[in-house]
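Dear colleague,

Here is the structure I promised to hand over, and below it you will find what turned up in it. Please keep the model open while you read.

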Amino acid sequence: MGVSHKNFLNYILGVAIVSGIARVALDYLSRMLDISPILYYCTFLIAFILEIVIIVFLIKKYKAVKGSLTLIDAIKTGVIIMGTIGLFYCSMAYVYDTYIDPDFVSNMTLKVTERFSPEQLDQVKENLKNQDTSKSYIGVIMYTIWFVFVGAVISLIAGSVYKTNKE
C-alpha cells in the first residue's frame, strides 16, 4: 500500500506514546481529585478496555496496511502498545507514590477498608503501620513486565482472530 513496515511500526509507537500519556493523565487526575476508591479503580477498568480497543484497532489496521498478518506481527503490536503504556504509567505511579504523595496507597487502602470491611479497619491500620514503606524502582520494571504480558495475551487473542491464513 504506500506505507512501509518500519513507518507503520513508528505509527504504532506514536499511538502507544499518546496512549501512555493519556493513561498517566487519567490516573494522575483521579489521584489529584481525590475521588472515591470505587471511581478510582473504575479508571483502571476504563483504561484497560480502551487499551484492548487500541490493540485490536491497530492489529486490524496493521493487517490492512501490510495485506497480511501473522501472530508475531500481532504480538509485536500489543507488546509495543502495552509496554509503552506500562512504562509511562508505572513511572508516573512510582514518582507520585515516592515524591508527591507517599501516603496515597495507604490512604486508598484505608478508604476501601472503611467502605467495604469496617470491622477490619484496626487490623489494616496495624498492618500498614508495620509495613515496609520503602519504594523501589524494581516495581516499575515488574509492573511494566506485567503490562507487556497482558499486551501479549490480548494481541495473541486478537491476532488469532485476524491472522491471515496461508493456503
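Helices here are DSSP runs of H or I with at least four residues, numbered from the N terminus. This is a predicted model, in which local features need pLDDT of at least 70 and side-chain atom pairs count only at pLDDT 80 or more, while totals for chains, interfaces and linings use all residues. Residues are numbered from 1 along each chain as its sequence is written, and side-chain values use heavy atoms, with hydrogens and water left out.

The largest pocket (an open set of points on a 1 Å grid over the protein atoms alone where a 1.4 Å probe fits, with protein on both sides within 12 Å along at least five of seven lines) holds about 850 Å³ of space. It is lined by 34 residues, and those closest to its centre are Y89, A93, D97, V105 and Y143; a lining residue has an atom within 4 Å of a point. At least two lining residues come from each of α1 (5–32), α2 (37–66), α3 (71–100), α4 (104–116) and α6 (138–162), and α3 gives the most, with seven.

The second finding concerns α4 and α5 (residues 121–130), which pack at an angle of about 165 degrees with their axes 10 Å apart, where axes are lines fitted to C-alpha atoms over the stretch in contact and angles run from 0 to 180 degrees between N-to-C directions. The two helices are therefore roughly antiparallel to each other, a term for angles over 145 degrees. In contact (heavy atoms within 4.5 Å), S106, T109, L110, T113 and E114 of α4 meet L121, V124, K125 and L128 of α5.

Best wishes

Terms used
Points joined across faces, edges and corners; volume = space filled by probe spheres on them. Parallel < 35°, antiparallel > 145°, perpendicular 65-115°, else oblique.
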